[in-house]
Amino acid sequence: MRVCFDEGYVATLPKGHRFPMGKFAALHRILLDEGLIREQDVMAPCEVLWEDLGLVHTGRYLDSLRLGTMDRLA
């Protein structure tokens with residue numbers, strides 16, 4: 001099985017955030033420890049294209065992300 005992970009793929013979020021970033025490193029470690037993946041199965045993520053983001057997000061959301069004007073409603 002191939003998986004995508006990189007130690008640098010972390011964003012600092014407030015404590016208690018509903019999307020805790022530490023879960024990615026923890027899952028990576030569990031998969032390795034349990035032999036479900038091997039180091040050679042792990043690929044580093046690449047930057048996503050804006051066009052691809054447009055397939056799953058609204059233009060309003062992407063504009064707020066690009067311009068740094070995102071709020072809780074975006």
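A strand, as I use the word here, is a DSSP run of E with at least two residues, and strands are numbered from the N terminus. By that rule, valine 42 lies in strand β2, which covers residues 42-43. Before going further: what we have on screen is a predicted model.

Let me start with the whole chain. There are three helices and two strands. Going along the sequence, their order is β-α-β-α-α.

Next, the overall dimensions. For 74 residues, a compact globule would have a radius of gyration near 11 Å, whereas this chain has 16 Å. Along the principal axes, the C-alpha atoms fill a box of roughly 40 × 30 × 15 Å. Of the 74 residues, 15% are buried.

The surface is quick to describe. About 6400 Å² of the chain is accessible, and carbon and sulfur atoms hold 58% of that. As for charge, the chain has 9 positive and 11 negative charges, and their mean positions lie 7 Å apart.

Now contacts. If we take the contacts in the chain with a separation of 6 or more, 43% are between residues 24 or more positions apart.

Back to valine 42. Which residues does valine 42 contact, leaving aside its neighbours within four places in sequence? They are Val3, Phe5, His28 and Ile37. Threonine 58 is another matter: it is 16 residues from valine 42 along the chain, and their C-alpha atoms are separated by 31 Å.

One of the contacts of valine 42 is His28, so let us look at that residue from its own side. Histidine 28 sits in helix α1, residues 22-33. Is histidine 28 buried or exposed? Its relative accessible area is 10%, and buried means under 20%, so histidine 28 counts as buried. With neighbours within four places in sequence set aside, histidine 28 touches Phe5, Ile37 and Val42. Phe5 and Ile37 also appear among the contacts of valine 42.

The last stop is serine 64, in helix α3, which spans residues 59-67. Serine 64 has a relative accessible area of 9%, and therefore it is also classed as buried. What does the side chain of serine 64 reach? It reaches the backbone oxygen of tyrosine 61, at 2.8 Å.

To recap two places: valine 42 in strand β2 is in contact with His28, and serine 64 in helix α3 has its side chain at 2.8 Å from the backbone oxygen of tyrosine 61. That is the end of my part.

Conventions: Residues are numbered from 1 along each chain as its sequence is written. This is a predicted model: local features need pLDDT of at least 70, side-chain atom pairs count only at pLDDT 80 or more; totals for chains, interfaces and linings use all residues. Side-chain values use heavy atoms; hydrogens and water are left out. Helices (H or I, at least four residues) and strands (E, at least two) are DSSP runs, numbered from the N terminus. Contact means heavy atoms within 4.5 Å. Buried means under 20% relative accessible area, exposed over 50%, partly exposed in between (1.4 Å probe, protein chains only). The radius of gyration is taken over C-alpha atoms; the globule rule is 2.2 Å times the number of residues to the power 0.38. Accessible areas come from the Shrake-Rupley method with a 1.4 Å probe; for residues, only the protein chains shown count as cover. Lys and Arg count as positive and Asp and Glu as negative; His and the chain ends are not counted. The place of a charge is taken as NZ of Lys, CZ of Arg, CG of Asp or CD of Glu. A polar contact is a pair of N or O atoms within 3.5 Å; within protein, one must be able to donate a hydrogen and the other to accept it, and residues adjacent in sequence count only if both atoms are side-chain atoms.
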